[in-house]
Amino acid sequence: MGEPRQVYVEELSQHVGQEVLIQGWLFNKRSSGKVRFVIVRDGTGWVQGVVTPAADEETFELAERLPQESSLRLWGVVRADARAPGGFELDVRRIQPIHIPKEPFPIGLKEHGVGFLMDHRHLWIRMGKQVPLLRIRDAVLWAIRDFFKRRGFVATETPILVGTSVEGTTTLFPLDYFGRQAFLSQSGQLYLEATCLALGKVYWIGPVFRAEKSKTRRHLTEFWMAEAEVAFLEHEGNLTLQEELVRHIVEAVVAERARELAQLKRDPEVLLAQVREPFARVTYAEAVEIVNAHGVEMSYGDDFGAPAEDALSAHFGRPVFVERFPAKIKPFYMKRAPDDPQVALCADLIAPEGYGEIIGGSQRVDTEEELLAQLEEYGLPREPYEWYIDLRRWGSVPHSGFGLGVERTVAWIAGTRHIRETIPFPRLLDRLYP
RNA sequence: UCCCCGGUAGCUCAACUGGCAGAGCAGCCGGCUGUUAACCGGCGGGUUGGAGGUUCGAGUCCUCCCCGGGGAGCCA
């Protein structure tokens, strides 16, 4: 026999009848006198251990005394049991405490308010929905990397510290850079355009920062974007790439994280059905009519507000691309449609079920003349963009790209209404702790 | 920045038109051989967010401030 093997809760099905060692934390305990139950979590799942006087005296005593979130090693024999939520239980032989808290764990098993939970985010992430949610986030990020890797994209990086804004309109976090003004990047796109002319197909996944005073369930001040940029790719191909990426993410998460989706009561069939068909595609002008038909007022030239996005997502019931926005409500770097210079060759992808815009993308301006004209049109200074203009001076090619909001994508797939739970430590207006 | 709601025990909440501040959970003590947010009995626990005001009397009404939540705008 020898020493019992150390295993994780998610591996228990492979060890029925064997004695194993689980290392984890006491999530909860219950007692019926001579039968005591300890629920232990280890990051991969939860399992109930059954402690009876058959265990040694100290272990039997610990099963009654250990407070919530004690860390411990637990030796027991794995047994399949229909009564166990996960299908398996442990008949406990021995418990060895590693750390016994001196004070009650702040987060109980009963309900708490959001403010309290956010103040204890560092402890909240151990609880309930948070673990499967963060495991789904992990799967989403790996699915993105896997998708691009398989297609020969080069993973690259863009700077976080920048000297100028990418999109003139959005608010930036300023900071002092050795006496000069610098900002936290709000998008890696412009740099990715340069990199794609070096490497062909590139992507990066990283944090971006928006100093908007947004207080909604869809906004963070620090969030993660997966951005891609492809040389020689035009608008149509850009949409196809985005659609294939999103479909791949959903299929990969459903395949790899079925257990977590079940814990979150998210029906994988609903997700698969949403991405099975080709995504809907409408022009901005058509979208405005659909939105108005749903009783949400907006006129041509307005950007879509949250109610408008919700109307669109309700109308289609699957992801929908909104193409060809009026150029004046989109950033300076987007290429104009050859048949209508008033509209940009761009698209936003609106997620189903009201999870909002998850992708913004476009074909980029590719001639120096157009770029200079558009910088001027937007009232932007030329100097900080000289390097960007250079890209159109030497070997410019048609190129396109997009940015996918990781947290909104996770929220949609996990079926979690508020984006704050899709990242371990959300940064929100008025919330910088912990 | 604007609009709405809230702040009472460690947590979640109650307390009528102003009249003795209460319950569940958590904690502590005890009971229970299959519990599933276990259950049963007992005990302790409060500057009612802060400052000022009205009143015989304020958790409750008024003013200002602070904090939190929801939403809008903007965006991914």
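Two strands count as paired if DSSP finds at least two bridges between them. I keep that rule at hand for the first entry, and I note that the model is predicted.

**Entry 1. The N-terminal strands**

I began with β1, residues 5–6, and looked for its partner. β1 pairs with β2 in the parallel sense over 2 bridges, which meets the cut-off of at least two. Arg5 stands opposite Val20 in β2.

I then followed β2 (19–31) to its other partners. Strand β5, residues 71–80, runs antiparallel to β2, with 7 bridges between them. Val20 turns up again here, with Gly76 as its bridge partner in β5. Strand β3, residues 36–41, is also antiparallel to β2 and is joined to it by 6 bridges. I picked out one pair from that ladder: Arg30 has Phe37 as its bridge partner in β3.

What joins β2 to β3? The two form a hairpin with 4 residues between them. In the turn I found Gly33 with a positive phi of about 85°.

**Entry 2. The sheet of 8 strands**

I wrote down the strand order as β7-β11-β12-β19-β18-β17-β14-β13; the sheet is open and its pairing is mixed. Which strands stand at the edges? They are β7 (154–155) and β13 (280–283), each with a single partner strand, so one side of each has no neighbour in the sheet.

Next I looked at β11, residues 201–209, and β12, residues 222–231. They run antiparallel and 9 bridges join them. Two of the pairs I checked are Ile205 with Ala226 and Phe209 with Glu222. On β12 I also looked up the pairing with β19, which is antiparallel with 7 bridges. Glu229 has Gly401 as its bridge partner in β19.

Is β12 buried or exposed? I found 8 of its 10 residues buried, so the strand is largely enclosed by the rest of the structure.

**Entry 3. Helices on the sheet**

I looked for helices in contact with these strands. Helix α4, residues 130–150, lies across β11, β12 and β19 (399–405), and runs at about 150° to β11. Helix α6, residues 235–256, also packs on the sheet. The strands touched by α6 are β12, β13, β14 (320–323), β17 (346–350), β18 (357–363) and β19. The direction of α6 makes about 30° with that of β19.

**Entry 4. The loop after β11**

I stopped at Lys213, which lies in the loop between β11 and β12. Lys213 has a relative accessible area of 74% and is therefore exposed; the cut-off for that class is over 50%. I then looked up its distance to Leu429. The two are 216 residues apart in sequence, yet their C-alpha atoms are 6.1 Å apart in space.

**Entry 5. The sheet of 3 strands**

I found another open sheet, with the order β8-β10-β9 and antiparallel pairing. Its edge strands, β8 (161–162) and β9 (174–177), each pair on one side only. Between β8 and β10, residues 180–184, I counted 2 bridges in the antiparallel sense. Leu161 has Leu184 as its bridge partner in β10.

**Entry 6. RNA strand B**

Which residues come nearest to RNA strand B? Of the 51 residues around it, they are Asn28, Arg30, Ser31, Glu89 and Arg408. Of the RNA atoms within 4 Å of the protein, sugar and phosphate account for 47%.

I sorted the surface near RNA strand B by class and got 15 nonpolar, 14 polar and 22 charged residues. Elements that each supply at least two residues of this surface include β2, β4 (46–51), α2 (114–119) and α10 (306–316). β12 and β18 are also among them. Which element gives the most? It is β18, with 4 residues.

Last, I looked up contacts of the RNA with polar backbone atoms of the protein. At Gly33, such an atom is 3.3 Å from a base nitrogen of RNA strand B. This is the glycine with positive phi in the turn of the β2 and β3 hairpin. At Ala306, the backbone atom is 3.5 Å from a phosphate oxygen of RNA strand B. At Ile358, the partner is a sugar or linking oxygen of RNA strand B, 3.1 Å away.

Key:
Residues are numbered from 1 along each chain as its sequence is written. Chains are lettered from A and ligands numbered from 1 in the order in which they are written. This is a predicted model: local features need pLDDT of at least 70, side-chain atom pairs count only at pLDDT 80 or more; totals for chains, interfaces and linings use all residues. Side-chain values use heavy atoms; hydrogens and water are left out. Contact means heavy atoms within 4.5 Å. Axes are lines fitted to C-alpha atoms, for helices over the stretch in contact, and angles run from 0 to 180 degrees between N-to-C directions. A residue is near a molecule or strand if one of its heavy atoms lies within 4 Å of it. A polar contact is a pair of N or O atoms within 3.5 Å; within protein, one must be able to donate a hydrogen and the other to accept it, and residues adjacent in sequence count only if both atoms are side-chain atoms. Ala, Val, Leu, Ile, Met, Phe, Trp, Tyr, Cys and Pro count as nonpolar, Asp, Glu, Lys and Arg as charged, and the others, Gly among them, as polar. Buried means under 20% relative accessible area, exposed over 50%, partly exposed in between (1.4 Å probe, protein chains only).
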